[in-house]
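Me: I would like to learn how to read a structural model feature by feature, beginning with its pockets and then moving on to sheets and single residues. Could you take me through this one?

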Amino acid sequence: MGPFAVNRFTITKSLFYEGMLRVIRTDLGPFIKKVLIALAALWAVLAAVTLLTKASPSYAIVELVVLAAVALWLCVYIPRNRARQAWKALESRSGGDMERVTSFFDDRLEIDSGAETTVIPYADVLRMLPTEHLLVLTCKEKVGVLIARDGFMSGELSAVQARIEQAADSEQSDAGEKRGD
């Protein structure tokens, strides 16, 4: 039986960054948030000690600038650097051919990158992360799949999402039955 949907698009640097930054924000976001809260608390303590010891308030301002630089490094530099490294790795693996055709079947998706075809069962899809132009699927074994929202040659995004969710629900109920829930 043929695919119920087919998605075709060319991965550009900006689309790749959009997807990769979404994954990084999802994965690192809670950690970065905790670090920023800890840094804010640390600055409040340092500022209070500075003012209680009647030291110059400029120390508190300098401390705030340093902590703001650390926050900027955590929130901007680290995610962009990881995305840049992943882009370089993808470029070197793909040899410059960035066109992807993803076909969606009842039980799996197949990604044709020209040189090779990758098959991923829907049960291996861990998350669906929407962005402005993409749907990013994160799968087992650190595999990521980009699907362009406007790249459907046949079928539609909502049918793909429903099928993946259905497979995830089926997988969870099968796991519950095995545990005896």
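Reply: Please keep in mind that this is a predicted model. A sensible start is the lining of the largest pocket, which is made up of 33 residues, with Arg93, Lys142, Val143, Gly144 and Val145 lying nearest its centre.

Me: Which elements give two or more residues to that lining, and which of them gives the most?

Reply: Two or more residues come from each of H1, helix H2 (57-94), strand S2 (99-104), strand S4 (117-121), S5, S6 and S7, and the largest contribution is that of H1, with 7 residues. The volume of this pocket is about 1100 Å³, and when its lining is sorted by class there are 18 nonpolar, 7 polar and 8 charged residues.

Me: How should I read the sheet, and in what order do its strands lie?

Reply: For a sheet, one asks about order, direction and edges. Here the sheet is open and has 3 strands in the order S5-S6-S7, paired antiparallel. Its edge strands are S5 (125-130) and S7 (143-148), each of which pairs on one side only, and from one strand to the next the twist averages 20°. Between S5 and S6 (residues 134-139), which run antiparallel, there are 5 bridges; methionine 128, for instance, has leucine 137 in S6 as its bridge partner.

Me: Where does H1 lie with respect to these strands?

Reply: H1 lies across S5, S6 and S7, and its direction makes an angle of about 115° with S5.

Me: Turning to single residues, is threonine 138 buried or exposed, and what does it touch?

Reply: Burial is judged from relative accessible area, with a cut-off of under 20% for a buried residue. Threonine 138, which is found in strand S6, has a relative accessible area of 10% and is therefore buried. Setting aside residues up to four places away in sequence, threonine 138 touches Val23, Asp124, Val125, Leu126, Arg127, Leu129 and Val143.

Me: Why does leucine 39 count as buried, and with which residues is it in contact beyond its neighbours in sequence?

Reply: Leucine 39 counts as buried because its relative accessibility is 17%, which is under the 20% cut-off. Leucine 39 lies in helix H1, residues 13-52, and once neighbours within four places in sequence are left aside, it is in contact with Leu67 and Val70. Distances between C-alpha atoms give another view: leucine 39 and alanine 71 are 32 residues apart along the chain, yet their C-alpha atoms are separated by 8.3 Å.

Methods:
Residues numbered from 1 in each chain as written. Predicted model: local features only at pLDDT ≥ 70, side-chain atom pairs only at ≥ 80, totals over all residues. Heavy atoms only, no water. Helix = DSSP H or I, 4+ residues; strand = E, 2+ residues; numbered from the N terminus. Buried < 20%, exposed > 50% of the residue type's maximum accessible area, 1.4 Å probe, protein only. Contact = heavy atoms within 4.5 Å. Pairing = 2+ DSSP bridges. Axes fitted to C-alpha atoms, helices over the stretch in contact; angles between N-to-C directions. 1 Å grid on protein atoms, 1.4 Å probe; cavity = no way out; pocket = protein on both sides within 12 Å on 5 of 7 lines; lining within 4 Å. Points joined across faces, edges and corners; volume = space filled by probe spheres on them. Nonpolar A, V, L, I, M, F, W, Y, C, P; charged D, E, K, R; others polar.
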